[in-house]
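Ready for some practice in reading a protein structure? Keep the viewer open beside you and try each exercise before you look at its solution.

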Amino acid sequence: MKIYGLKNCDTCRKALKALEGAELVDVREAGLPEGLLERAEAQFGEAILNTRSTTWRGLSEAERAGAPLDLIAAHPALMKRPLIEAGEALYLGWGKDTQAALGR
């Protein structure tokens with residue numbers, strides 16, 4: 001199981017602590033595997049963008065109008081975190097629904 005997020009993100013650290021044996025992949029340092037972000041966008045749509053982040057608030061209206069995948073490629077911190085890959089399944093965020101689905 002892999003958790004894609006940021007090593008200094010509290011939510012990512014909570015998920016990592018709860019999911020034994022999971023590996024945290026810092027998207028700022030390592031990026032995302034080819035095709036993963038496209039799969040996530042197909043499943044979650046624009047929910048993959050963290051529009052509550054400081055990075056988002058710092059963008060101009062013109063930048064915000066860009067395609068979600070392009071925005072995340074340019075600013076990895078804009079990805080909603082964590083993105084959890086468990087086998088072929090993807091989970092976004094660390095809400096009660098994700099915790100229940102992963103048995104936590």
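**Exercise 1. Find the volume of the second largest pocket, then work out which residues and elements line it.**

Step 1. Keep in mind that this is a predicted model. The volume of the second largest pocket comes to about 180 Å³.

Step 2. Collect the lining: Val27, Gly31, Leu32, Pro33, Glu34, Gly35, Leu37, Glu38, Leu69, Ile72, Ala73 and Pro76.

Step 3. Look for elements that give two or more residues to this lining; they are α2 (36-44) and α5 (68-74). The largest share, three residues, belongs to α5.

Step 4. Sort the lining residues by character: eight are nonpolar, two are polar and two are charged.

**Exercise 2. Describe the lining of the largest pocket.**

Step 1. Begin with the space in the largest pocket, about 210 Å³.

Step 2. Now pick out the residues around the largest pocket: Cys9, Thr11, Leu49, Asn50, Thr51, Arg52, Lys80, Arg81, Gly93 and Trp94.

Step 3. Sorted by character, this lining has three nonpolar, four polar and three charged residues.

**Exercise 3. Which strands pair with β1, and in which direction does each pair run?**

Step 1. Start with strand β1 (residues 2-5) and strand β2 (residues 23-26): they run parallel and are joined by four bridges.

Step 2. Turn to strand β3 (residues 83-86), which runs antiparallel to β1 and is joined to β1 by three bridges.

Step 3. Follow Ile3 into both partners. In β2, Ile3 stands opposite Leu24, and in β3 the bridge partner of Ile3 is Ile84.

Step 4. Add helix α1 (residues 10-18) to the picture: together with β1 and β2, helix α1 makes a right-handed β-α-β unit.

**Exercise 4. Explain what the salt bridge between Lys7 and Glu29 ties together.**

Step 1. Recall the general idea: side chains of opposite charge can pair when their charged atoms come close.

Step 2. Check the distance. The closest N and O atoms of Lys7 and Glu29 are 2.6 Å apart, and a salt bridge needs them within 4 Å.

Step 3. Locate both partners. Lys7 sits in the loop between β1 and α1, and Glu29 in the loop between β2 and α2, so this pair ties together parts that are 22 residues apart in sequence.

Step 4. Compare with the cut-off for exposed, which is over 50% relative accessible area. Glu29 is exposed because its relative accessibility is 58%, while Lys7, at 48%, counts as partly exposed.

**Exercise 5. Study two more of the structure's five salt bridges, Asp10 with Arg13 and Arg39 with Glu85.**

Step 1. The side chains of Asp10 and Arg13 meet at 2.4 Å, N to O. Both residues lie in helix α1, three residues apart, which is about one turn of the helix.

Step 2. Look up their accessibility: Asp10 is partly exposed at 48%, and Arg13 is partly exposed at 41%.

Step 3. Move on to Arg39 and Glu85, whose closest N and O atoms are 3.2 Å apart. Arg39 belongs to helix α2 and Glu85 to strand β3, so their salt bridge ties together parts that are 46 residues apart in sequence.

Step 4. Decide whether each partner is buried, using the cut-off of under 20% relative accessible area. Glu85 counts as buried because its value is 18%, whereas Arg39, at 30%, counts as partly exposed.

How values were computed: Residues numbered from 1 in each chain as written. Predicted model: local features only at pLDDT ≥ 70, side-chain atom pairs only at ≥ 80, totals over all residues. Heavy atoms only, no water. 1 Å grid on protein atoms, 1.4 Å probe; cavity = no way out; pocket = protein on both sides within 12 Å on 5 of 7 lines; lining within 4 Å. Points joined across faces, edges and corners; volume = space filled by probe spheres on them. Nonpolar A, V, L, I, M, F, W, Y, C, P; charged D, E, K, R; others polar. Pairing = 2+ DSSP bridges. Right-handed = clockwise from strand over helix to strand, strands pointing away. Buried < 20%, exposed > 50% of the residue type's maximum accessible area, 1.4 Å probe, protein only.
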